[in-house]
Structures are given as C-alpha cells and as structure tokens.
Amino acid sequence: MARKRWVRPVGIVVALVAVLAFGVALGDRLATSRTADEHSVRLSAADIGYAQDMSVHHEQAIQLANTLTRDCDPQVRVLADRISAAQTAEIATMRGWLSLLELPFVPAHPMQWMSDHGPHDHGGAAPMPGMASVDELTRLSTLRGADAEILFLQLMIRHHQGGIAMARSAVDLVDAEPIRRLARLLVADQGNEIGVMTAMLTVRGATPLSYP
C-alpha cells in the first residue's frame, strides 16, 4: 500500500514545491546581497561546484527516463516520469542560483569541488559517479519490454547511488544552508527510490549493477 501512495501525482507536486521553496529562499537571500554589495562573495567554490555538477548529473537521469520506451510497465513509466519531473525542477533551482551570480551552468573542471577536499577526492578530471556510458544509453534505446525495464532500473539505481555520494559530500562541504538542505532532500528521496527500484528488479528476476 505504501508503494502505491508515493507514486500518486500529489507526491510529485509536493516534492516540486519543496524544491522550488529552497530555490526561492536562497534566491531572495542572494538578490538582497547583490543589492547591498555587488562585490560580496555569495557562494563558496563548493556551493558553485555542487550546483554545476549536480545539474549535469541530473541531466543524464532525465535522459535515461526519456530514453525508456513509453510502452513499458505503467509502474516503471510512472517512476521514470516522477524522477524526470523532480530532477528537472532541481536543475531549474540550482541553475537559478548560478544565474543570479552570472556563473556558467557547466563547470570548467567537473568534480573539482570534491577533489579539493582530501577525504572526498575523486580527482579533478574523474567522471561523475554513477553515470551511464554512451554504450549503455545506446543499448537502452534499442530494448523493449522487460529487458528495457531491467536495464533502466539498473542504470537509474547506479545513477542514484552516484548522486547520493555527491550530495552527502555536499552536506559536509557547502556553505549555503539552502543548498545543504536540498542535498539532504536528495539523499532521502533518491534513497527511497533506490528501494523501490530494487524491489522492481527483484520482481523481474534481476539485481542491481555493481557500484562504484
């Protein structure tokens, strides 16, 4: 019963409202700061790097959802659409913050905000964790039915695991409290989705991919 409840449209609306509220809170604060002092520092390097990298990371989750054939199992399709809607809203929020400071949406050095802190070192040029390869995305686009559902769930679980790793680092490293709250929300939401997707894989006689 609990699983059915979270997939209802109202759940999507609540999640999107929460994300947008965080964006408005930080946006107001940054706008006020800009009016008071055009030269003041508003976001730390970690704040900026996380917003840039997580936006790019989210874009691939949306790509995965859109690549999944629309004639798949309705429960999987609802899940994919929910993920796409939530991550589209989060991208808009994070890039709204970047726009206020006239910062680029794409980082010059991906993952640098994590590599600058020893315990979270991923290497400045290392790929973002959990990302699907071009070959995996191409294969997903060719599959139908249960095969497509299984690969989608496997790739999205691994993608969520990578996103959670980034968000947990952000909780420790960022300075802006609204960004930290958004990262905590991501950890909770994507953790729940991993549980649902793992159960869906089990029903289909499959298991998650290895991570990392």
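# A walk through an all-helix chain

The chain exposes about 10200 Å² of surface, and carbon and sulfur atoms supply 59% of that area. Keep in mind that this is a predicted model. Now look inside. Buried residues make up 49% of the 212 residues.

What is the chain built from? It holds 8 helices and 0 strands. Read from the N terminus, the elements run α-α-α-α-α-α-α-α. Next, consider how the parts of the chain meet. Take the contacts between residues at least 6 apart in sequence. Of these, 77% join residues at least 24 apart.

Start with helix α4, which covers residues 74–100. Its length can be checked with simple arithmetic. At 1.5 Å a residue, the 27 residues of α4 should span 39 Å. The end C-alpha atoms of α4 are 39 Å apart, so the expected span and the model agree. Both ends of this helix deserve a look. At the start of α4, a side-chain oxygen of Asp73 comes to within 2.8 Å of the backbone nitrogen of Gln75. Just after α4, Glu102 has a positive phi of about 55°.

Stay in α4 and find Arg77. Is Arg77 buried or exposed? Its relative accessibility is 7%, and buried means under 20%, so Arg77 counts as buried. Which residues does it touch, apart from those up to four places away in sequence? Arg77 touches Ala65, Leu68, Thr69, Arg70 and Cys72.

Now step to helix α3, residues 45–67, and find Ser55. Ser55 has 0% relative accessibility, so this residue counts as buried too. Set aside residues up to four places away in sequence, and Ser55 touches Tyr50, Ile91, Met94 and Arg95. Look back at the range of α4, residues 74–100. Ile91, Met94 and Arg95 fall within that range. Here, then, a residue of α3 touches residues of α4.

Next comes the empty space. Rolling a probe the size of a water molecule over the atoms shows where such space is left. How many cavities of 30 Å³ or more does the structure hold? There is 1. About 80 Å³ of space lies in the largest cavity. Its lining consists of Arg82, Ile83, Ala86, Gln87, Glu90, Leu186, Asp189, Gln190 and Glu193. Two elements, α4 and α8 (177–203), each give two or more residues to this lining. α4 gives the most, with 5 residues.

Look at the spacing of those numbers. Arg82 and Ile83 line the cavity, and so do Ala86, Gln87 and Glu90. An α-helix has 3.6 residues a turn, so residues three or four places apart point the same way.

The cavity leads on to α8. Test its length as before. At 1.5 Å a residue, the 27 residues of α8 should span 39 Å. The end C-alpha atoms of α8 are 40 Å apart, which agrees. After α8 comes Gly205, whose phi is positive, near 70°.

Finish with Arg180, which sits in α8. Its relative accessibility is 13%, so Arg180 counts as buried. Leaving aside neighbours within four places in sequence, Arg180 is in contact with Val171, Val174 and Asp175. With Val174 there is a polar partner to see: the backbone oxygen of Val174 lies 2.2 Å from a polar atom of the Arg180 side chain. Ser169 gives one further distance. Arg180 and Ser169 are 11 residues apart in sequence, and their C-alpha atoms are 9.8 Å apart in space.

Definitions and conventions:
Residues numbered from 1 in each chain as written. Heavy atoms only, no water. Helix = DSSP H or I, 4+ residues; strand = E, 2+ residues; numbered from the N terminus. Buried < 20%, exposed > 50% of the residue type's maximum accessible area, 1.4 Å probe, protein only. Contact = heavy atoms within 4.5 Å. Areas by Shrake-Rupley, 256 points an atom, 1.4 Å probe, with all protein chains shown as cover. Expected span 1.5 Å × (residues − 1). Polar contact = N/O pair within 3.5 Å; in protein donor to acceptor, adjacent residues only side chain to side chain. 1 Å grid on protein atoms, 1.4 Å probe; cavity = no way out; pocket = protein on both sides within 12 Å on 5 of 7 lines; lining within 4 Å. Points joined across faces, edges and corners; volume = space filled by probe spheres on them.
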